[in-house]
Amino acid sequence: MWVDRKLNKYKYPYVLVDVVYIKVRENTRVVSKANHIAIGINEKGNREILGFDISEGK
């Protein structure tokens, strides 16, 4: 699974981190959630998702 992979195969000279707020339905309510995502650009110029997390929004 990609979550268990080691990140030392390539060097990542650039790492981009961003948050996107999304609306999701929980039970009968619509609530805001924060989707954190980290994208690395390796030495070959390829972009890879390094990780993401969904947490409570503000």
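**Exercise 1. Determine in which sense β1 and β2 pair, and over how many bridges.**

Solution. In this predicted model, the two strands to compare are β1, which spans residues 14-26, and β2, which spans residues 29-41. Following the bridges between them shows that β1 and β2 pair in the antiparallel sense, over 13 bridges. A single position illustrates the register, since V20 stands opposite N35 in β2.

**Exercise 2. Establish the order of the strands in the open sheet, and then identify its edge strands.**

Solution. The second pairing has to be added to the one already found: β2 and β3 pair in the antiparallel sense over nine bridges, and here I39 stands opposite I49 in β3. Taken together, the pairings give an open sheet of three strands in the order β1-β2-β3, with antiparallel pairing. The edge strands are β1 and β3, each of which pairs on one side only. From one strand to the next, the twist averages 20°.

**Exercise 3. Describe the connections between the strands, and state which residues there have a positive phi.**

Solution. Begin with the loop between β1 and β2, where N27 lies. Although N27 is not a glycine, this residue has a positive phi of about 60°. The accessibility of N27 can then be classified: its relative accessibility is 77%, and because the cut-off for exposed is over 50%, N27 counts as exposed. Turning to the other connection, β2 and β3 form a hairpin with five residues between them, and G45 in the turn has a positive phi of about 90°.

**Exercise 4. Find the residues that make the nonpolar surface patch, and assign the patch to the strands that supply it.**

Solution. The patch is made by V20, I22, I49, F52 and I54, and its area is about 440 Å². The next step is to place these residues on the strands: β1 (14-26) and β3 (47-56) each supply at least two residues of the patch. The largest share, three residues, comes from β3. These two contributing strands are also the edge strands of the sheet.

**Exercise 5. Decide whether I49 is buried, partly exposed or exposed, and relate this residue to the patch.**

Solution. I49 is found in strand β3, and its relative accessible area is 43%. Since partly exposed covers the range between the 20% limit for buried and the 50% limit for exposed, I49 is classed as partly exposed. Membership of the patch requires over 30% relative accessible area, and I49 is one of the residues that make the patch.

Notes. Residues are numbered from 1 along each chain as its sequence is written. This is a predicted model: local features need pLDDT of at least 70, side-chain atom pairs count only at pLDDT 80 or more; totals for chains, interfaces and linings use all residues. Side-chain values use heavy atoms; hydrogens and water are left out. Patches are made of residues with over 30% relative accessible area and no salt bridge: like charges are joined within 9 Å, nonpolar side chains (Val, Leu, Ile, Met, Phe, Trp, Tyr) within 5 Å. Accessible areas come from the Shrake-Rupley method with a 1.4 Å probe; for residues, only the protein chains shown count as cover. A salt bridge is a side-chain nitrogen of Lys or Arg within 4 Å of a carboxyl oxygen of Asp or Glu. Helices (H or I, at least four residues) and strands (E, at least two) are DSSP runs, numbered from the N terminus. Buried means under 20% relative accessible area, exposed over 50%, partly exposed in between (1.4 Å probe, protein chains only). Two strands pair if DSSP finds at least two bridges between them. Axes are lines fitted to C-alpha atoms, for helices over the stretch in contact, and angles run from 0 to 180 degrees between N-to-C directions.
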